[in-house]
Amino acid sequence: MTVRRINPQDPNLSASTGFREAVAAILDGGLVAAPTETVYGLAADATNPQACTGIYTAKGRPRFNPLISHVSDAAAAREYGLFDERANFLADAFWPGPLTLVVPRRPGSAVCDLATAGLDSIALRVPDSPIMQRLSREAGRPLAAPSANRSGGISPTTAEAVNEDLGERVDVILDAGPTRIGVESTIVALIDDEARLLRPGGLAREDIEKVLGRPLAGPPGDSAAKPAGPGMLKSHYAPRAIVRLEALDIAPGKAYLGFGPIPDQIARDAVAVRTLSEKSNLEEAAANLFSDLRALDATGAASIAVAPVPKTGLGEAINDRLSRAAAERMGPGVRSE
Ligand code: TXA
Ligand code: MG
């Protein structure tokens, strides 16, 4: 495994050693960890079943959980998915950016069945990150890329976090520093009459609803027994420590994740403290969420108490990830995926 520092603003990005190695690894069926604006992704050639198998194996991810295909622009996305008027509208408004569209799969498209887990729909995204975007363009392939962490764990927002989780399982890690948004893309499904929010994420629901001119519906048949997507399983993004939400105080010896200034009692009694945003800013909180959870987990504290976070805007995604981090696991050390 090779780690390469890479500067997304470099005018000669495509000629840099790290970038060339990454393109070669993709064309060779290998695995490349690369930043997007949301989190680091674990990318492989979405048209190559062996390469996609490599993703599932490296992550320990169940093969019924489909992958997002990352492409360089909307025209490339239309080669793999069928876009109706709503899809075109959302793609025009928000791509490149933290929005993933689930649309009917184009019959005969080159994306392999493993990438879509055999579904007749496909998740497509044009990331607003020159690295992942150019990687797809120069390799001439759609890139299947889940978050670059072990399945069920906390998504990585730095190359160090990728290295800790996956290390030698990856061929090349491109390190461009911490990601800007910090939570994964918002996923919207456009496969029936309703536009459905499958996963809140880095693009706020309110922004999408404004463009659509109507509210987003929920996932189809949403229930604990039949999750809309395996990534929507209850326990996910889980640290080792137990997570308690909406905490306004804390028992001595626990770790604390705040939102806004830290109350005196907590500053005194907690073994470790972080605040998602001193100024109670939701964008800043999203950007810090996964790295703060990792840092508090690394202190070895048995439990992490988390302050209430507002539920609007990016707060919807933050609360979604926190509630999955807090959800009951299936047994000691066992995650539901
Ligand atoms: O920001 C992101 O979206 C990051 C970066 C790397 O792009 N990627 C990411 O991928 O979060 P992943 O695999 O961790 O989450 C993708 C989610 C999964 O929950 C999967 O079940 C869902 O997308 N998904 C993929 N294809 C789908 C489909 N056809 N129908 C419904 N859900 C789908
Ligand atoms: Mg993930």
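A polar contact is a pair of N or O atoms within 3.5 Å; within protein, one must be able to donate a hydrogen and the other to accept it, and residues adjacent in sequence count only if both atoms are side-chain atoms. This report uses the term for a predicted model, in which local features need pLDDT of at least 70, side-chain atom pairs count only at pLDDT 80 or more, and totals for chains, interfaces and linings use all residues. Residues are numbered from 1 along each chain as its sequence is written, chains are lettered from A and ligands numbered from 1 in the order in which they are written, and side-chain values use heavy atoms, with hydrogens and water left out.

**Ligand 1**

There are 27 residues around ligand 1, and Thr38, Asn65, His70, Ser185 and Arg199 come nearest. A residue counts as near if one of its heavy atoms lies within 4 Å of the molecule. The table gives distances from an N or O atom of the side chain to an oxygen atom of the ligand.

| Side chain | Partner | Distance |
|---|---|---|
| Arginine 61 | oxygen of ligand 1 | 2.9 Å |
| Histidine 70 | oxygen of ligand 1 | 2.7 Å |
| Serine 185 | oxygen of ligand 1 | 2.5 Å |

**Helix pairs**

Helices (H or I, at least four residues) and strands (E, at least two) are DSSP runs, numbered from the N terminus. Axes are lines fitted to C-alpha atoms, for helices over the stretch in contact, and angles run from 0 to 180 degrees between N-to-C directions.

Helix 10 (residues 282-298) and helix 11 (residues 315-326) have axes 9 Å apart and an angle of about 25 degrees. Helix 10 is therefore roughly parallel to helix 11, since angles under 35 degrees count as roughly parallel, over 145 as roughly antiparallel, 65 to 115 as roughly perpendicular and the rest as oblique. Their contact (heavy atoms within 4.5 Å) involves, among others, Leu289 and Phe290 of helix 10 and Ile318 and Leu322 of helix 11.

Helix 1 (residues 17-27) and helix 6 (residues 130-139) pack at about 55 degrees, with axes 10 Å apart. These two helices are therefore oblique to each other. Residues in the contact include Phe19 and Val23 of helix 1 and Ile131 and Leu135 of helix 6.

**Backbone in two loops**

Most residues other than glycine have a negative phi, and most peptide bonds are trans. The bond from tryptophan 95 to proline 96 is cis, with omega near -5 degrees. Proline 96 sits in the loop between helix 4 (85-94) and strand 5 (99-104). Alanine 117, which is not a glycine, has a positive phi of about 55 degrees. Alanine 117 belongs to the loop between helix 5 (113-116) and strand 6 (121-125).
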